[in-house]
Amino acid sequence: MQQVVFIITYCVCFMSACQITISGGKFHSNVCKGYQRLESKVDTLTAKLDRSLDMLKKINEQTKDRRPNNGVIRNVALNKKIQQSSWLANTRSWGNYICCAVEYANDGNATTFSHTNKDNYPYLWIDLGRVYDIKRIEIINRSESYGERLHDVDITVGRTLNELSLCAHYKGPGKIGEHLIFHCSQQMSGRYVKVTIKAKEYLQLSEVMVFAPEISE
């Protein structure tokens, strides 16, 4: 494109010089010979340049559609596909508690909570549906009891469940209803976020929230 612009500029300058020479009454055939051919080439090059600029504009619009929407940060884990290592009693209520289904961990309601059995390395993962640039991950611990069960936690992020990297580690122990905020040790992008207790324990979480720039569809 730079070559096209250079040629057009050169030709325009050349034609301008020719016109000035003619208007001054001194016609130099060697200088102005082929003026009409140059004019035709300039028109062709100008048309090509216009088409190239139009193509660049379309590409820019397509790219713009995939950019973060005005930098708005939101919880991209809300109500997304979620799974845990086990499901305590396969129940959705336990006495006065609304537990223990896995979807309670990202339903936007901190009074409900997910609950596994006492597993070796109990885990919970969320499929965000697409790759996001992760800004922070927030966890709300179980709100009415047994907060200390949250300890030795690895939070990992990756594009697939087989390609997870450590975002943050929480030593604990947690407190009842504690709201924990984690920033990855480095900028990370991923579709999956996984929370794992590196011990034999119950994993019980009121909310797991993943914050990232919203992306336009």
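**View 1. Five strands make an open sheet in this predicted model.** Reading across the sheet, the order is 2-4-9-6-7, and the pairing is antiparallel. Strand 2 (81-84) and strand 7 (164-170) are the edge strands; each has a single partner, so one side of each goes without a neighbour in the sheet. Ignoring direction, neighbouring strands here are turned by 25° against each other on average.

**View 2. Zooming in on the pairing of strand 4 and strand 9.** These two strands run antiparallel to each other and share eight bridges. To pick out a bridge, start at Tyr-132: its partner in strand 9 is Gly-190.

**View 3. Trp-125 meets Tyr-192 edge-to-face.** The structure has three aromatic pairs. In the pair shown here, the ring centres of Trp-125 and Tyr-192 are 5.9 Å apart and the planes are at 70°, so the arrangement counts as edge-to-face, the cut-off being over 60 degrees. Trp-125 belongs to strand 4 (residues 123-134) and Tyr-192 to strand 9 (residues 188-197), so the pair ties together parts that are 67 residues apart in sequence. Are the two residues buried or exposed? Both Trp-125 and Tyr-192 are buried.

**View 4. Two charged side chains sit over tyrosine rings.** Lys-194 has its charged end over the ring of Tyr-123, 4.5 Å from the ring centre. Over at Tyr-97, the ring has the charged end of Arg-142 sitting over it, this time 5.2 Å from the centre.

**View 5. Leu-150 and the largest nonpolar core.** This core has 32 residues, and Leu-124, Leu-128 and Leu-150 are the ones with the most contacts inside it. Strand 4, strand 5, strand 6, strand 7, strand 8, strand 9 and strand 11 (205-215) each give two or more residues to the core. What does Leu-150 touch once its neighbours within four places in sequence are set aside? Its contacts include Ile-139, Tyr-170, Leu-180, Ile-197, Leu-203 and Leu-205. Asn-141 is also in contact with Leu-150, as are Gly-172, Pro-173 and Gly-174.

**View 6. A cis bond between two cysteines, and another ahead of a proline.** Most peptide bonds are trans. The bond joining Cys-99 and Cys-100 is cis, though, with omega at about 20°. Look for Cys-100 in the loop between strand 2 and strand 3 (119-120). The peptide bond from Gly-172 to Pro-173 is cis too, and its omega is near 0°. Pro-173 lies in the loop between strand 7 and strand 8 (179-182). Both Gly-172 and Pro-173 are also on the contact list of Leu-150.

**View 7. Tyr-121 and Tyr-146 have positive phi values.** Why point these out? Most residues other than glycine have a negative phi. For Tyr-121, phi is near 60°. Tyr-121 sits in the loop between strand 3 and strand 4, and its relative accessibility is 44%, so the residue counts as partly exposed. For Tyr-146, phi is near 55°. Tyr-146 is found in the loop between strand 5 (136-141) and strand 6 (153-158); with a relative accessibility of 42%, Tyr-146 also counts as partly exposed.

Note on methods
Residues numbered from 1 in each chain as written. Predicted model: local features only at pLDDT ≥ 70, side-chain atom pairs only at ≥ 80, totals over all residues. Heavy atoms only, no water. Phe/Tyr/Trp six-rings, centres within 6.5 Å; stacked < 30°, edge-to-face > 60°. Helix = DSSP H or I, 4+ residues; strand = E, 2+ residues; numbered from the N terminus. Buried < 20%, exposed > 50% of the residue type's maximum accessible area, 1.4 Å probe, protein only. Lys NZ or Arg CZ within 6 Å of the ring centre and 35° of its normal. Pairing = 2+ DSSP bridges. Axes fitted to C-alpha atoms, helices over the stretch in contact; angles between N-to-C directions. Core = buried A, V, L, I, M, F, W, Y, C linked by side-chain atoms within 4.5 Å. Contact = heavy atoms within 4.5 Å.
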